[in-house]
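Trainee: I've got the sequence and the structure open, and I'd like to work through how the helices pack. Can we take it step by step?

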Amino acid sequence: MQRRQLIKAMGLSLGAISTSATVSGCQTLAKQPKLPSKVIQAGHFPNIIVGSGYGGAVSALRLSEKGHKVLILEMGMRWDRSPKHDTFCKMINADKRSSWFSNMPNAPIPIPIPIRKYPGVLDLIEYDDMKVFAGRAYGGGSIVNGAIAIQPRRSHFEAVFPWIDADEMYETYFPKAMKELKVSQIPESFFNESEHYEFTRSAERQASRAGMKTEFFGNSYDFDYMQKEARGAVYKSALGGEVIYGNNAGKFSLDLTYLKNAEATGNVTVKTLHKVNTIQALDNDQLRLEVHVINKTGGVDEVEHYTCDKLFLNAGSTGTSELLLKSQAEGKLNNLNEHIGKHWGPNGNIMTGRNFVHAAGTTQSTIPVKGINMWDGDRGGSKYKIFAELAPLPLGLETWTTLYLAITDNPERGNYYYDKASKTVKLNWKRAQNEYSVNAAKELIEKLAKVNGGSTSSLLFTKGFGDNFCYHPLGGCVLGKATDEVGRIKGHENIYVQDGALIPGSAGVNPYVFITGLAERNMAAILREDFG
Ligand code: FAE
């Protein structure tokens, strides 16, 4: 596989790819558009939920099924699936629907083809030394993610939250989350025979030769549907190159699970393209939200004020932290404690590729199902803990390359902070803080290469390691530190956080089951204690 072939396969030009790092745009932190002068009073609601990712979806279902009226404010668009399967674009030849107001598709391996700015599904937030990918849509990250669903290792969970009853989590709340998220595992017979998983089997054979354990994990993709895709009986989504810009079929994203069930109660109102700008605590204990109603070109059509009694703040690690810090800086939330914005980490994310000595297969499913587990038990003498998902590179041609999206036990932490000069929230994180992850990934690749040949793939990332971006931002409003033990913000107890901001920097595995299970636990307590 030559670099030129790889680039051609992605529909790119060589000149463009070399300059790509400088043209991708910062979305969330971009300059504020011009605001209309008139403010609309949009009314009072008992409960408002900001954000419709995992934390928001659990909050919405558990409140609404108990008869509580809920308003969801989501900055992204709603993407109801068309029967023609053309709601979302594919990864190859991505168009404006792929990215949140960007002039090229947001992707871990940059794709510098020009697109129109539009409220597409995948955002790329560029801090100085770290780029954070995030879903922007009704359904949050579930619209763009690989749907890998893994319960955190119990030992890791207990180390992160030693004061939470782990029996209750593993007997009640994680299983409850997995059920609602429709998690299942790929049938082994299909996995063993399918040409679409040769990339995984090939990577696994080589891992096994190097003495490394591999294991299956669960996924919220419908594997019955995938088997029909393989037989050519239905529209091809996972087997047709769809994932990070949305799946037109097959994936049980939140809008088809938790949020659908919440809306079915009749107690939920959803407003999309509604971006919350600030939160203000009023003297009468209510909260006032300033909301920008955005249009499809990125302008603000209206500024609205909502008030509520209780606010469920679930805008994700970056969104929740930014809103709290900004509101604090503007003097609107004055009782937040010193932990706001702190204990941030990228879940030890690192991506790397390896040039194979064996073929990886020309047709690859976009849904990963196995990983190398060098975290638990015998790590072959390594001091590093690493869990490397065997990730696809679905370019439709033989790349002789495998991709690893690894999670390591990197102990480094950063923090979000409000920068007065630019009036934006920034992330205090240096690239050097990823040294643990780079070393862990290097060791993994070297061990694989020693017995199998092959080398680190510099086709994909400069020097072979993607250590300046993450898919799994965690922290900023940590449970038990910035909040009480169930997510009420200390000093503002009618603001509840249930998203990835609660977890201090590391989940040890892909994080959405951790986030969902924790939100289930917290919401059960909140409903009991605060709703009578
Ligand atoms: P999230 O799902 O990000 O939802 C936050 C929501 O709030 C979004 O819909 C935002 O648009 C909205 N929002 C933000 N700010 C505002 C505002 N000011 N006003 C109104 N709305 C706002 O948060 N995790 C896994 O476990 N397995 C995977 O396979 C996996 N793959 C991934 C692949 C990609 C490409 C990416 C980007 C992430 C992946 N993740 C995966 C991470 C996972 O999706 C993420 O941890 C969760 O989505 C985080 O859930 P939250 O509820 O924290």
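Trainee: At roughly what angle do the axes of helix 5 and helix 12 cross?

Mentor: Keep in mind that this is a predicted model. Find helix 5 at residues 166–180 and helix 12 at residues 512–530. Their axes come within 8 Å, and the crossing angle is roughly 115°.

Trainee: What does that make helix 5 relative to helix 12?

Mentor: Angles of 65 to 115 degrees count as roughly perpendicular. The axes here cross at roughly 115°, so helix 5 is, relative to helix 12, roughly perpendicular.

Trainee: Is the crossing of helix 5 and helix 12 left-handed or right-handed, and which residues of helix 5 make the contact?

Mentor: The crossing is right-handed. On the helix 12 side, the contact involves Val-513, Phe-514, Thr-516, Gly-517, Leu-518, Glu-520, Arg-521 and Ala-524. Sorted by class, the residues of this contact are nine nonpolar, two polar and four charged. Helix 5 brings in Met-169, Tyr-173, Phe-174, Lys-176, Ala-177, Met-178 and Glu-180.

Trainee: Now helix 3 and helix 12: how many nonpolar residues does their contact have?

Mentor: Helix 3 covers residues 54–64, and it packs against helix 12 at about 35° with the axes 9 Å apart. This crossing is right-handed. Helix 3 offers Tyr-54, Gly-55, Val-58, Ser-59, Arg-62 and Leu-63, while helix 12 offers Tyr-512, Ile-515, Thr-516, Ala-519, Glu-520, Met-523 and Leu-527. By class there are two charged and three polar residues, and the nonpolar count is eight.

Trainee: Which residues of helix 11 make the contact with helix 7?

Mentor: Look at helix 7 (residues 198–209) and helix 11 (residues 435–452), whose axes come within 8 Å and cross at roughly 85°. That makes helix 7 roughly perpendicular to helix 11. Helix 7 contributes Gln-206, Ala-207 and Arg-209, and from helix 11 come Leu-448, Val-451 and Asn-452.

Trainee: Let's turn to the ligand. Which residues are the closest to it?

Mentor: There are 37 residues surrounding the ligand. The closest of them are Glu-74, Gly-141, Ile-148, Gly-500 and Tyr-512.

Trainee: And how far is an oxygen atom of the ligand from a polar backbone atom of Gly-141?

Mentor: Start with the other backbone contacts: a ligand nitrogen is 3.2 Å from a polar backbone atom of Met-75. A ligand oxygen lies 3.1 Å from a backbone N or O atom of Ala-137. For Gly-141, the distance to a ligand oxygen is 2.9 Å.

Key:
Residues are numbered from 1 along each chain as its sequence is written. This is a predicted model: local features need pLDDT of at least 70, side-chain atom pairs count only at pLDDT 80 or more; totals for chains, interfaces and linings use all residues. Side-chain values use heavy atoms; hydrogens and water are left out. Axes are lines fitted to C-alpha atoms, for helices over the stretch in contact, and angles run from 0 to 180 degrees between N-to-C directions. Helices (H or I, at least four residues) and strands (E, at least two) are DSSP runs, numbered from the N terminus. Angles under 35 degrees count as roughly parallel, over 145 as roughly antiparallel, 65 to 115 as roughly perpendicular and the rest as oblique. A crossing is left-handed if the near helix is turned anticlockwise from the far one by less than a right angle, and right-handed if clockwise. Contact means heavy atoms within 4.5 Å. Ala, Val, Leu, Ile, Met, Phe, Trp, Tyr, Cys and Pro count as nonpolar, Asp, Glu, Lys and Arg as charged, and the others, Gly among them, as polar. A residue is near a molecule or strand if one of its heavy atoms lies within 4 Å of it. A polar contact is a pair of N or O atoms within 3.5 Å; within protein, one must be able to donate a hydrogen and the other to accept it, and residues adjacent in sequence count only if both atoms are side-chain atoms.
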